[in-house]
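User: Hi! Could you walk me through this model, one question at a time?

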Amino acid sequence: RVSTPTSHKNEHLLIKRVPLPSSTAAAVAAMQMRLESPNIGQGSPSRAMACAMMGLRTDWERVKKIASSILKPEYSLREFNEDLCSFPELNLYLLQERTISGNSIGDEYQRTVGAFFAIYWLMRSQVDGREG
């Protein structure tokens, strides 16, 4: 976090964030619409989870692409980040305003994607991962 004071009483925080995938807004809107329908997810142990994940599946072909590309020098962090949309569960972080930990959902999403970035850099430690 980089802090730039604008006055003694008022301080703004500038925080770099991982951009959300372009498909996220549509996925979140669809999840919220399903949550508003009383018939969807009935009988499920978690109606909210059933509504949120309805019709969504892990894109295993894209996951295989991640696995087969992660050590290639030309496979960039940007491309890896785009490929993370193969895990629709990441959108679940964007449904609530606050989590149990008290962090905003954006914070939880950022932390999770940051963990994926750590995997990317560790896997590539012999390629370019040391430079991060």
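User: Which residues of the largest nonpolar core touch the most other members?

Analyst: Happy to start there, with a note that this is a predicted model, where local features need pLDDT of at least 70, side-chain atom pairs count only at pLDDT 80 or more, and totals for chains, interfaces and linings use all residues. Residues are numbered from 1 along each chain as its sequence is written, and side-chain values use heavy atoms, with hydrogens and water left out. A nonpolar core is a set of buried Ala, Val, Leu, Ile, Met, Phe, Trp, Tyr and Cys residues joined through side-chain atoms within 4.5 Å, where buried means under 20% relative accessible area, exposed over 50% and partly exposed in between (1.4 Å probe, protein chains only). Of the 16 residues in the largest one, those that touch the most other members are Phe80, Leu84, Val113 and Phe117.

User: Which helix gives this core its largest share?

Analyst: Helices here are DSSP runs of H or I with at least four residues, strands are runs of E with at least two, and both are numbered from the N terminus. At least two core residues come from each of α1 (24–36) and α5 (105–123). The largest share is four residues, and it comes from α5.

User: What does valine 113 contact, leaving aside its neighbours within four places in sequence?

Analyst: Contact means heavy atoms within 4.5 Å. Valine 113 is one of the core members that touch the most others. With those sequence neighbours set aside, its contacts are Val18, Asn81 and Leu84.

User: Which parts of the chain does the salt bridge between glutamate 79 and lysine 65 tie together?

Analyst: A salt bridge is a side-chain nitrogen of Lys or Arg within 4 Å of a carboxyl oxygen of Asp or Glu. In this pair the closest N and O atoms are 2.9 Å apart. Glutamate 79 sits in α4 and lysine 65 in α3, so the bridge ties together parts 14 residues apart in sequence: helices α4 and α3.

User: Is glutamate 108 buried or exposed?

Analyst: Glutamate 108 forms a salt bridge with arginine 111, with 3.1 Å between the closest N and O atoms. Both lie in α5, three residues apart, about one turn of the helix. Arginine 111 counts as partly exposed because its relative accessibility is 49%. Glutamate 108 has a relative accessibility of 12%, so it counts as buried.

User: Which residues form a nonpolar patch on the surface?

Analyst: Patches are made of residues with over 30% relative accessible area and no salt bridge, with like charges joined within 9 Å and nonpolar side chains (Val, Leu, Ile, Met, Phe, Trp, Tyr) within 5 Å. One member, leucine 71, is in the loop between α3 (60–69) and α4 (77–83), and is partly exposed at 49% relative accessible area. Together the patch residues have about 350 Å² of accessible area (Shrake-Rupley method, 1.4 Å probe, only the protein chains shown counting as cover for residues). They are Leu71, Ile119, Met123 and Val127.

User: Which element has the lowest mean pLDDT?

Analyst: pLDDT is the predictor's confidence in each residue, from 0 to 100. The protein chain averages 78, and 75% of the residues score at least 70. Where pLDDT is low, the predicted coordinates should not be read in detail. While α3 has the highest mean, 96, the lowest, 43, belongs to strand β1 (residues 2–5).
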